[in-house]
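User: I would like to go through this structure with you, one question at a time. Please take care to say how each term is defined.

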Amino acid sequence: MRAAVALVTLALAAVLLGATDGAASPAQGPRLFGEVGPDFEISLHDAQGSRVTQLDPGTYVVRVEDKSDFHSFHLEGPGVDEMTEVAFTGTVEWTVTFRDGRYRFHCDPHPTLAGTFTVGNPATPPPTGPAPITAKTRLVLTSGPAQVITLKTAAGKAVRTMRLGTYSLTVRDRSRAHDAHVIAPGFNRKTTVAFVGTQRWKVKLARVGTLRFLCDPHASAGMRGSAKIVR
């Protein structure tokens, strides 16, 4: 009889321990699914396959499939800044916490490849875009080795709007199949196609307009971009 009571006691203890362990294990948040590539396409969907336009605040698991070595998937907004590298292909998962605000997912080399969604009830109006950078900002122009060319700040942010001034530009030409060419009002300079290495240029922007950067042999294939020059 005592043996039977002991067995029942041990069984109850095991059940209670299992219940305690289960309660202590954190539950995963809702899952979202992002894709970029292989062509010029980017998307973010929920577990039911619906396009994400509105979410409740909270913690989510975001699974991103990057199918192209000339795109990136960049998710940013209040408290969130996650991205894949341009040359990376594969799958990553991020655990992020969204709060009230407006969020954007986009490809850094191709800013028009993008989408937006809202979380909660933002009190502020939609952002009109990043503030123009100033001449104090160091810039990096990278051409290759894949078929992609980018213009970013030294901190890795894509450049879209620039104020007048003289900029320090580090030019990284990483392929004998590409060049790096910058054209702006009063400025026109490029590396040769055969050149591989790093150069440093002073780029003086004295007039409003557009700064264009491109690979001459592959501009028609998408190796190009631009930034607006403002006062």
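User: About how much space lies in the largest cavity?

Analyst: This is a predicted model, in which local features need pLDDT of at least 70 and side-chain atom pairs count only at pLDDT 80 or more, while totals for chains, interfaces and linings use all residues. Residues are numbered from 1 along each chain as its sequence is written, and side-chain values use heavy atoms, with hydrogens and water left out. A cavity is a set of points, on a 1 Å grid over the protein atoms alone, where a 1.4 Å probe fits but cannot get out, and its volume is the space filled by probe spheres set on the points, which are joined across faces, edges and corners. A search of the whole structure finds 1 cavity of 30 Å³ or more, and the space in the largest cavity is about 40 Å³.

User: How do the residues of the lining of the largest cavity divide into nonpolar, polar and charged?

Analyst: Lining residues have an atom within 4 Å of a point, and among them are L139, M162, Y167 and V203. Ala, Val, Leu, Ile, Met, Phe, Trp, Tyr, Cys and Pro count as nonpolar, Asp, Glu, Lys and Arg as charged, and the others, Gly among them, as polar. The lining divides into no charged, no polar and 8 nonpolar residues.

User: Which residue does a cis peptide bond join to G37?

Analyst: Most peptide bonds are trans. Here the bond is cis, with omega about 0 degrees, and the residue joined to G37 is P38.

Terms used
1 Å grid on protein atoms, 1.4 Å probe; cavity = no way out; pocket = protein on both sides within 12 Å on 5 of 7 lines; lining within 4 Å.
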